[in-house]
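Below is a short report on one protein model. It starts with charged side chains and then works through the fold, the strands and the cores.

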Amino acid sequence: FFFVLWQAMSDSDDEIALSPETLAALQEVLAEQAAQKFAPDWSLNQFYFKDCTRQDLLQEAVAQSRGGRIAIIGMPSVFLSLEERGEPHNAVLFEYDQRFASFEEKFCFYDVHAPLEIPEAHQHSYDFILADPPFLNNETVDRCIETMKLLRRSDDTPMMLCTGAVLRDHILEVLECTHVCQYRCQHHQLQNEYLVYVNYRSEAFPWEE
């Protein structure tokens with residue numbers, strides 16, 4: 001495989017042209033390497049979404065950001081799926097796990113216990129916010145929401161919060177203009193019902209009646 005890749009890269013001094021089959025094989029290899037390097041760390045309460053959920057969330061984030069910047073808070077599996085596409089993107093992962101610092105400018109260290117300690121360059125500069133608080137309690141959700149508001153470009157920036165159904169009443173109380181979507185997230189190793197909360201209308205993620 002790697003000889004085929006090298007040969008394709010050597011065919012032209014000006015640009016790299018890979019066949020669809022070779023590109024698909026390369027993406028598969030990269031995905032396997034990422035899965036090994038960034039396996040969920042249970043000590044950090046990491047539980048990764050299933051691929052179908054990752055892709056649904058990514059598609060929505062890209063569509064709603066309209067080419068702008070995307071902030072992904074505490075959702076490394078979604079960020080990894082975006083990286084695996086091998087396409088340029090404007091997303092930044094806000095994450096406590098320092099393994100992801102290898103993504104350099106696409107990574108920003110984030111501690112939910114210090115929700116406002118965000119570099120100034122990131123404040124009020126994102127066009128879509130996608131977040132999953134690391135713990136299922138009111139205090140953690142409140143801190144995460146503080147961060148979401150600090151990152152959003154304006155008050156009407158679309159935001160999506162994914163977390164347990166047990167926090168439903170609290171989220172609807174503290175996060176203005178929020179609605180529960182019909183969509184249900186799917187996790188590996190988790191049985192908790194995971195809801196999606198948004199502050200905007202979407203055909204892909206319609207509200208509950």
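## A charged network

Arginine 152 and aspartate 155 form a salt bridge, with 3.5 Å between the closest N and O atoms. A salt bridge here is a side-chain nitrogen of Lys or Arg within 4 Å of a carboxyl oxygen of Asp or Glu. Arginine 152 is buried at 9% relative accessible area. Aspartate 155 is exposed at 66%. The cut-offs are under 20% relative accessible area for buried, over 50% for exposed, and partly exposed in between (1.4 Å probe, protein chains only). Salt bridges with shared partners join Lys149, Arg152, Asp155 and Glu176 into one network.

Within that network, the side chains of lysine 149 and glutamate 176 meet at 3.3 Å, N to O. Lysine 149 sits in helix α5, and glutamate 176 in the loop between α6 (168-174) and β6, so this pair ties together parts that are 27 residues apart in sequence. Both count as partly exposed: lysine 149 at 26% relative accessibility, glutamate 176 at 38%.

## Basis of the model

The model is predicted: local features need pLDDT of at least 70, side-chain atom pairs count only at pLDDT 80 or more, and totals for chains, interfaces and linings use all residues. Residues are numbered from 1 along each chain as its sequence is written, and side-chain values use heavy atoms, leaving out hydrogens and water.

## Another salt bridge

The structure holds nine salt bridges. One of them links the side chains of aspartate 97 and arginine 99 at 2.7 Å, N to O. Aspartate 97 is buried, with a relative accessible area of 5%. Arginine 99 is partly exposed at 28% relative accessibility. Side chains of opposite charge can pair when their charged atoms come close.

## Overall fold

The protein has six helices and seven strands. Along the sequence they follow the pattern α-α-α-β-α-β-β-β-α-β-α-β-β. Helices (H or I, at least four residues) and strands (E, at least two) are DSSP runs, numbered from the N terminus.

Of the 209 residues, 45% count as buried. The protein exposes about 11,400 Å², and carbon and sulfur atoms supply 50% of that area. Areas come from the Shrake-Rupley method with a 1.4 Å probe; for residues, only the protein chains shown count as cover. Among contacts between residues at least 6 apart in sequence, 64% join residues at least 24 apart. Contact means heavy atoms within 4.5 Å.

## Strand β5 and its partners

How many residues of β5 are buried? Six of its six residues are. On one side of the pairing list is β4: β4 and β5 pair in the parallel sense over three bridges. Two strands pair if DSSP finds at least two bridges between them. Alanine 131 has leucine 161 in β5 as its bridge partner.

β4, helix α5 (residues 138-151) and β5 make a right-handed β-α-β unit. Right-handed means that, with the strands pointing away from the viewer, the path from the first strand over the helix to the second runs clockwise. β5 also pairs with β7, antiparallel, through five bridges. Here methionine 160 has valine 198 in β7 as its bridge partner.

## Nonpolar cores

The largest nonpolar core has 31 residues; Leu57, Met160, Cys162 and Val196 have the most contacts inside it. Such a core is a set of buried Ala, Val, Leu, Ile, Met, Phe, Trp, Tyr and Cys residues joined through side-chain atoms within 4.5 Å. Elements that each supply at least two residues include α3 (51-65), β1 (70-73), β5 (159-164) and β7 (194-198). The largest share, four residues, comes from α4.

Beyond its neighbours within four places in sequence, valine 196 is in contact with nine residues' worth of surroundings listed as Met160, Leu161, Cys162, His179, Val180, Cys181, Tyr183, Cys185 and Phe205. A second, separate core of 25 residues includes Ile73, Tyr110, Val112 and Val141.

## Two individual positions

Histidine 122 lies in the loop between β3 (107-109) and β4 (128-131). Histidine 122 counts as buried, at 12% relative accessibility. Outside its neighbours within four places in sequence, histidine 122 is in contact with Arg69, Val92, Phe94, Cys108 and Leu151.

Valine 62 lies in helix α3. Valine 62 is partly exposed, with a relative accessible area of 40%. Apart from neighbours within four places in sequence, valine 62 is in contact with Gly67 and Ile70. The C-alpha atoms of valine 62 and phenylalanine 128 are 8.4 Å apart, while 66 residues separate the two along the chain.
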